[in-house]
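Please describe how the helices and strands of this protein chain are arranged, in words that a first-year student can follow.

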Amino acid sequence: MTQWGIEVEHLRKEFDGKPAVRDVSFTVGAGTLLGLLGPNGSGKTTIINCLTTVLTPDGGRLLVDGCDVTGAPEQVRARIAVTGQFAALDEVLSGRDNLMLFGRLLRLPKRQARQRADELLDRFALGDAADKPVKAYSGGMRRRLDLAASLVVPRPVVFLDEPTTGLDPRSREELWQTIRQLRDDGATILLTSQYLEEVDRLADRVVVIDAGRVIAEGTGDELKGRVGGQVCEVTVPEPNRAAAREALRAFSGEVAEHGEHLVVPVSRPAQLVEIVRLLDDRGIEIDDAALRKPTLDEVFFALTGRADETADGDERAADGDAGTTGRDGERPAGAVPAEGARS
Ligand SMILES: Nc1ncnc2c1ncn2[C@@H]1O[C@H](COP(=O)(O)OP(=O)(O)OP(=O)(O)O)[C@@H](O)[C@H]1O
Ligand SMILES: [Mg+2]
């Protein structure tokens with residue numbers, strides 16, 4: 001037993017001479033959930049594939065539950081559960097039969113396979129659907145069954161690669177519940193996501209990667225703190241918005257717009273008053289103005305210079321530490337997204 005469920009030291013992996021993961025290091029405490037957050041193509045799946053022995057790293061040292069991934073791959077495989085984007089479920093079989101099949105493939109005696117299947121169906125809230133064919137399952141139920149299938153033999157370390165991608169909000173919420181329970185039961189979990197909200201809701205700690213590098217890490221709150229502490233959100237009805245935007249721009253230079261809300265980073269709480277006064281001086285009516293912590297979307301934008309879902313694969317102004325100097329009263333170099341992933 002080690003302190004760390006997962007240790008990644010200086011991981012490197014390239015494809016055809018093009019680096020996909022560049023010198024990535026992080027640890028996941030045993031029994032905790034780490035959210036690996038990054039846009040398309042940032043290297044999340046490659047990191048998971050290296051940790052789960054699917055790919056051979058080009059460099060670095062990887063330990064899973066204390067076992068060296070390159071030196072002892074079988075020991076690693078015996079300790080991990082992996083669920084990816086594409087589940088290996090049989091559509092025609094029922095949920096229970098699928099789980100029993102996995103159990104049998106893992107050489108459990110029939111009675112034990114059945115018992116374990118029922119246990120898992122219960123635990124993953126699939127008891128009512130146990131006898132329905134998988135083709136009748138919703139996306140969320142499939143993901144839960146997929147997760148259950150990976151745990152037919154209990155494993156201390158669980159890898160979840162974008163587990164809720166494509167799910168509707170309710171299914172996502174249900175899967176989150178399942179993942180939390182898994183964590184509470186003591187599993188070490190590495191979860192990748194492109195959803196800032198997801199890691200914010202689930203993760204004990206977050207590692208943000210971009211273009212194969214770690215660009216930030218900490219708790220969700222710490223990351224939000226790095227943006228500079230707070231933003232001021234001003235709610236402005238039309239037709240005043242353009243004028244308000246103009247006025248705020250004079251104040252800050254970085255104004256983001258989410259529907260009727262205009263958002264500017266602030267470095268001191270007193271700036272709320274300054275903003276309200278500024279708008280009032282110009283005769284611009286507003287509905288509301290309030291300080292709040294930035295969302296992780298805003299954090300990501302500040303760290304990378306762009307909104308999370310607008311990654312275009314080009315060389316971007318993702319300049320390591322830019323935008324992270326939110327301390328002593330300085331406004332961060334980054335800004336909040338004009339079109340965030342918020343709804
Ligand atoms: N087998 C492969 N051969 C060649 N290039 C690859 C291969 N797998 C990944 N890559 C490249 O490595 C980079 C990282 O890809 P990876 O799939 O790890 O990103 P990701 O963060 O999981 O993205 P997504 O959010 O889209 O799943 C990308 O540029 C990708 O094109
Ligand atoms: Mg991926």
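The report below goes from the whole chain to its sheets, then to its helix pairs and finally to one buried helix.

**The chain as a whole**

The model shown here is predicted. Its protein chain holds eleven helices and 14 strands, and of its 343 residues 48% count as buried. Among the contacts between residues at least 6 apart in sequence, 68% join residues that are at least 24 apart.

**Two open sheets**

One sheet is open and is built from four strands in the order S2-S1-S4-S5, with antiparallel pairing. Its edges are taken by strand S2 (18–29) and strand S5 (67–68), each of which pairs on one side only. Within this sheet, strand S1 (residues 4–15) runs antiparallel to S2 and is joined to S2 by eight bridges; to take one example, Ile6 has Val28 of S2 as its bridge partner. A helix also belongs to this part of the picture, since helix H1 (residues 44–51) lies across S1, S2 and strand S4 (59–64), and runs at about 115 degrees to S1.

Another open sheet, again of four strands with antiparallel pairing, has the order S12-S13-S11-S14. Strand S12 (256–258) and strand S14 (288–292) stand at its edges with a single partner strand each, so one side of each has no neighbour in the sheet. On average, and with direction ignored, neighbouring strands of this sheet are turned by 25 degrees against each other. Strand S11 (residues 230–235) and strand S13 (residues 261–266) run antiparallel and are joined by six bridges, and Gln230 stands opposite Val266 in S13.

**Two helix pairs**

The table lists the axis values for two pairs of helices.

| Helix pair | Axes come within | Crossing angle |
|---|---|---|
| H5 (residues 139–150) and H6 (residues 169–184) | 9 Å | roughly 20 degrees |
| H3 (residues 95–105) and H4 (residues 110–123) | 8 Å | roughly 130 degrees |

How should the angle between H3 and H4 be described? At roughly 130 degrees, the angle makes H3 oblique to H4. The crossing of these two helices is right-handed. On the H3 side the contact involves Gly95, Arg96, Leu99, Met100, Gly103 and Arg104, which meet Lys110, Ala113, Arg114, Ala117, Asp118, Leu120 and Leu121 in H4. Sorted by class, this contact of H3 with H4 has six nonpolar, two polar and five charged residues.

For H5 and H6, the axes cross at roughly 20 degrees. Angles under 35 degrees count as roughly parallel, and H5 and H6 are therefore roughly parallel to each other. H5 passes H6 in a right-handed crossing. The contact is made by Gly140, Arg143, Arg144 and Leu147 from H5, together with Ser171, Glu174, Leu175, Thr178, Ile179 and Leu182 from H6. By class, the contact of H5 with H6 has four nonpolar, three polar and three charged residues.

**A buried helix**

Is helix H11 (residues 296–304) largely enclosed by the rest of the structure or left open, and why? Nine of its nine residues are buried, so helix H11 is largely enclosed by the rest of the structure. The buried residues of H11 are Leu296, Asp297, Glu298, Val299, Phe300, Phe301, Ala302, Leu303 and Thr304.

Terms used. Residues are numbered from 1 along each chain as its sequence is written. Chains are lettered from A and ligands numbered from 1 in the order in which they are written. This is a predicted model: local features need pLDDT of at least 70, side-chain atom pairs count only at pLDDT 80 or more; totals for chains, interfaces and linings use all residues. Side-chain values use heavy atoms; hydrogens and water are left out. Two strands pair if DSSP finds at least two bridges between them. Contact means heavy atoms within 4.5 Å. Axes are lines fitted to C-alpha atoms, for helices over the stretch in contact, and angles run from 0 to 180 degrees between N-to-C directions. Angles under 35 degrees count as roughly parallel, over 145 as roughly antiparallel, 65 to 115 as roughly perpendicular and the rest as oblique. A crossing is left-handed if the near helix is turned anticlockwise from the far one by less than a right angle, and right-handed if clockwise. Ala, Val, Leu, Ile, Met, Phe, Trp, Tyr, Cys and Pro count as nonpolar, Asp, Glu, Lys and Arg as charged, and the others, Gly among them, as polar. Buried means under 20% relative accessible area, exposed over 50%, partly exposed in between (1.4 Å probe, protein chains only).
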